[in-house]
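Student: I would like to go through this model with you, asking at each step what a descriptive word rests on.

Tutor: Then let us set each value against its cut-off before we draw a conclusion.

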Amino acid sequence: MPGTIETYFDKLERTRVWRSIFRSGKGTSTLHNALAIQQNVFLHLFPTKVRKRMLGLGATWYLGTLTLGTFIVLVVTGILLMLYYHPSVPRAYSDVKDLQFAVSSGLFLRNLHRWSAHAMVFLAFAHMFRVFYRGAYRAPREFNWVVGVFLLLVTLLLSYTGYLLPWDQLAYWAITVGTNISSAVPLIGDKIRFLLLGGHLVNANALLRFYVLHCVILPLTAVVFLAVHFWRIRKDGGLYVRESEPGAASHEQQSSNEEQKTR
Ligand code: HEM
């Protein structure tokens, strides 16, 4: 007699392969839940216990999480776009046009990437303002605020470097203006412009440099900073809860709780 999905799943969970990957086993106890978090490479960045209040919409408006969501969409759509795009002067413009008019769902893919990029910039700013107005940048979270500033910078650089890749008039002149602005930095301005463009003009070298920055260097930098950002939230005693709010502990208490947990 054929079994139900639950029985198949039950059997799968008992297999040696499954047990070698998910070690915490079955169970609904607090211990099992804690082990499930601790023993997962992705989840163990997060604490095993959080205050309910921190998870409510009012604490963060989920703006940081939404920013992360757009970043993930950008990585996925960006990888798909890389399959159709060549970062060379004869190919770049026509590849983007092909993507829009010839590739199946290409226009959707390009627009999803563009709109997610706009959304990420907007959400990162909104998240920063939210953190500021809530006062969540104060001790012991100052370092995470600084990490956030770097993340904002990386987000803006990602947006800026992506702008050149379609290699159309808008892209060309935007990068010409932008890099001219960078050359106004006192003493080292011309050097910065040269470094960005790989020469004195917006040409093939600049296109290749912006491509490598946009697709490799900046996304990897963002991932490293994000890992520090999330780990730091945990080390700072979780998300900020005002003293007057239910479930709040003082900063000192929050930090010492966290220290005890990590011992
Ligand atoms: C790529 C951009 C960023 C991403 C993906 C991101 C992600 C997150 C996430 C998921 C959280 C948890 C709370 C929430 O969902 O809102 C958080 C908290 C936090 N973020 Fe960001 N963040 C980014 C940029 C920034 C910026 C620009 C700042 C400030 C300059 C910042 C400062 C903070 C601080 C201080 C916290 C702790 C807030 C608290 O304890 O309530 N982040 N971030």
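Student: What makes S105 count as buried or exposed?

Tutor: This is a predicted model, and the verdict on S105 rests on a count of 10 C-beta neighbours inside 10 Å. A residue is called exposed if that count is 12 or fewer, so S105 counts as exposed. S105 lies in the loop between α7 (89-101) and α8.

Student: What is notable about the phi of S105?

Tutor: Its value is near 60°, which is positive in a residue other than glycine. Most residues other than glycine have a negative phi. W167 also has a positive phi, of about 55°, although W167 is not a glycine.

Student: Where is W167 found, and why is W167 called buried or exposed?

Tutor: W167 is found in the loop between α9 and α10 (169-182). With 24 C-beta neighbours inside 10 Å, against a cut-off of 20 or more for a buried residue, W167 counts as buried.

Student: How do you know which kind of peptide bond joins A139 and P140?

Tutor: Omega is about 5° there, and the bond between A139 and P140 is cis. Most peptide bonds are trans. P140 lies in the loop between α8 and α9.

Student: Why are α8 and α9 described as roughly parallel or roughly antiparallel?

Tutor: Their axes come within 10 Å and cross at roughly 160°. Angles over 145 degrees count as roughly antiparallel, and therefore α8 is roughly antiparallel to α9. The crossing of these two helices is left-handed.

Student: Which residues make the contact between α8 and α9?

Tutor: From α8 come A117, M120, V121, A124 and M128, while α9 brings G148, L151, L152, T155, L156, S159 and G162. Sorted by class, the contact of α8 with α9 has eight nonpolar and four polar residues, and no charged ones.

Student: What is the corresponding geometry for α9 and α12?

Tutor: Helices α9 and α12 pack at an angle of about 160°, and their axes are 9 Å apart. Since angles over 145 degrees count as roughly antiparallel, α9 is roughly antiparallel to α12. Helix α9 passes α12 in a left-handed crossing, and the contact of α9 with α12 is made up, by class, of 18 nonpolar residues, seven polar and one charged.

Student: Staying in helix α9, what makes V147 count as buried or exposed?

Tutor: V147 has its place in helix α9, and its count is 20 C-beta neighbours inside 10 Å. The cut-off for a buried residue is 20 or more, so V147 counts as buried. If its neighbours within four places in sequence are left aside, V147 is in contact with F225, V228, H229 and R232.

Student: Why is L158 called buried or exposed, and how far is L158 from L218?

Tutor: L158, which also lies in helix α9, has 24 C-beta neighbours inside 10 Å; with buried meaning 20 or more, L158 counts as buried. L158 and L218 are 60 residues apart in sequence, and the distance in space is 6.4 Å, C-alpha to C-alpha. Not counting residues up to four places away in sequence, L158 touches H214 and L218.

Student: What makes R53 count as buried, exposed or something in between?

Tutor: R53 is found in helix α4 (residues 52-55) and has 16 C-beta neighbours inside 10 Å. A buried residue needs 20 or more and an exposed one 12 or fewer, so R53 counts as partly exposed. R53 and V241 are 188 residues apart in sequence and 7.6 Å apart in space, C-alpha to C-alpha.

Student: Which residues are closest to the ligand, and how many surround it?

Tutor: The ligand is surrounded by 27 residues, of which T60, G64, A136, G148 and Y240 are the closest. The elements giving two or more residues to this shell are α6 (63-82), α8 (106-134), α9 (142-164) and α12 (204-235), and α9 gives the most, with seven residues.

Student: How do the residues of the shell divide by class?

Tutor: The shell around the ligand has 17 nonpolar residues, nine polar and one charged. G148 is among the closest residues to the ligand, and G148 also takes part in the contact of α9 with α8.

Notes
Residues numbered from 1 in each chain as written. Predicted model: local features only at pLDDT ≥ 70, side-chain atom pairs only at ≥ 80, totals over all residues. Near = placed C-beta within 6 Å. Helix = DSSP H or I, 4+ residues; strand = E, 2+ residues; numbered from the N terminus. Nonpolar A, V, L, I, M, F, W, Y, C, P; charged D, E, K, R; others polar. Axes fitted to C-alpha atoms, helices over the stretch in contact; angles between N-to-C directions. Parallel < 35°, antiparallel > 145°, perpendicular 65-115°, else oblique. Left-handed = near helix turned anticlockwise from the far one by under 90°. Contact = placed C-beta atoms within 7 Å.
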